[in-house]
Amino acid sequence: MRKYILYFVTIFVLLGCSSKAPSVNEYTLLSPPILVKQGTPKSSKSLSIASGKSIASLSTKNIIYLHENGETAPYLYSRWSDTPTVLIQRALLSSLYEENLFTSLSPAISSAQADWLLESDLNAFYHRFSKNASDGYIDITYRLIDARTKRPIATKRFTISSPSSSMDAQGGVEALKNSTLELNRQSILWLSSLIKETK
């Protein structure tokens, strides 16, 4: 009897080792190549981008999809290379470098002192499904703060969506990438208008 038990345990272990688990696909938000605009920056101010805050479900590397009824769930075999707030921060920094808006830019991890601080609250970063379509949906609020006085200069909420080419993780990633690029474009227009107002 003991031999039979040992035999079945050995077979079970060997079968478990030989079966392959599906591989996990990892995605990131790649920014277009940076072509920095030459000349004097539009503002004499320096800007630091603070670490973004988000709701709990967006504080992981999971790629989340959202149904019409409000139900959310992660894709099992796909994930981001970093959390959505970090990916958005990097993408915005790249776009700001390209536009040459400020005399200097720094991420949250930098110890550099800046004139302005840009904070953010990420409320949605989903592959959102409707009846016959899906899109990449972002809901984020930015606050521009005077780093010296700690007083808010302006606040702006952005809700962005871009259609998805397919109803799977890859389509969701592409749609969220396009939504992030549009978010950066609108954010830069907003910051440019604030630069003009504060001159």
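What follows is a walk through a predicted model, from its overall fold to its core, its largest cavity and a few individual residues.

The protein has three helices and nine strands, and, read from the N terminus, these elements follow the order α-β-β-β-β-β-α-β-β-β-β-α. Of its 199 residues, 40% count as buried. When contacts with a separation of 6 or more are considered, 70% of them join residues that stand 24 or more positions apart.

The interior can be entered through the largest nonpolar core, which holds 42 residues and in which L47, W80, L96, F102, F125, Y142 and W190 touch the most other members. At least two residues of this core come from each of strand 2 (46–49), strand 4 (62–66), strand 5 (72–80), helix 2, strand 7, strand 8, strand 9 (152–163) and helix 3 (169–197). Helix 3 gives the most to this core, with nine residues. To see what the surroundings of one such member look like, one may take F125: leaving out residues up to four places away in sequence, F125 touches L29, L58, I64, W80, P84, I88, Y137, I138, L176 and T180.

Helix 2 deserves a closer look. Its 16 residues should span 22 Å at 1.5 Å a residue, and the C-alpha atoms at its ends are 23 Å apart, so the expected and the computed lengths agree. Twelve of the 16 residues of helix 2 are buried, which leaves the helix mostly covered; the buried residues are P84, T85, L87, I88, Q89, A91, L92, L93, S94, S95, L96 and E99. Two of these, P84 and I88, are also among the residues that F125 touches.

Helix 2 also takes part in the lining of an internal space. The count comes to two cavities of 30 Å³ or more, and the largest cavity has a volume of about 80 Å³. Its lining is made up of I49, A50, G52, K53, T85, I88, Q89, L92, S120, L122, I140 and Y142, a set that comprises seven nonpolar, four polar and one charged residues. Helix 2 (84–99), strand 7 (116–129) and strand 8 (134–146) each supply at least two residues of that lining, with the largest share, four residues, coming from helix 2. Y142 belongs to this lining and is also one of the core residues that touch the most other members.

Just after helix 2 comes a feature of the backbone. N100 takes a positive phi of about 55° there, in the loop between helix 2 and strand 6 (104–107). Most residues other than glycine have a negative phi, and N100 has its positive value although it is not a glycine. K150 likewise is not a glycine and has a positive phi, of about 65°, and its place is in the loop between strand 8 and strand 9. The surroundings of these two residues can be set side by side: N100 has a relative accessibility of 14% and therefore counts as buried, the limit being under 20%, whereas K150, at 62%, lies over the 50% limit and so counts as exposed.

Three further residues show how the elements meet. S179 sits in helix 3 and is buried, with a relative accessible area of 0%; leaving aside neighbours within four places in sequence, S179 is in contact with G136, I138, I160, S161 and S162. P74, in strand 5, has a relative accessibility of 35%, and because this falls between the limits of 20% and 50% it counts as partly exposed. With neighbours within four places again set aside, P74 is in contact with N62, I63, I64 and Y65, while P74 and K61, 13 residues apart in sequence, are 9.5 Å apart in space from C-alpha to C-alpha.

The last of the three, I153, lies in strand 9 and, at 31% relative accessibility, also counts as partly exposed. Not counting residues up to four places away in sequence, I153 touches W116, L144, I145, D146 and T198. I153 and L117 are 36 residues apart in sequence, and their C-alpha atoms are 9.7 Å apart in space.

Key
Residues are numbered from 1 along each chain as its sequence is written. This is a predicted model: local features need pLDDT of at least 70, side-chain atom pairs count only at pLDDT 80 or more; totals for chains, interfaces and linings use all residues. Side-chain values use heavy atoms; hydrogens and water are left out. On a 1 Å grid over the protein atoms alone, a cavity is a set of points where a 1.4 Å probe fits but cannot get out, and a pocket is an open set with protein on both sides within 12 Å along at least five of seven lines; lining residues have an atom within 4 Å of a point. Grid points are joined across faces, edges and corners, and a volume is the space filled by probe spheres set on the points. Ala, Val, Leu, Ile, Met, Phe, Trp, Tyr, Cys and Pro count as nonpolar, Asp, Glu, Lys and Arg as charged, and the others, Gly among them, as polar. The expected span of a helix is 1.5 Å times one less than its number of residues. Buried means under 20% relative accessible area, exposed over 50%, partly exposed in between (1.4 Å probe, protein chains only). A nonpolar core is a set of buried Ala, Val, Leu, Ile, Met, Phe, Trp, Tyr and Cys residues joined through side-chain atoms within 4.5 Å. Contact means heavy atoms within 4.5 Å.
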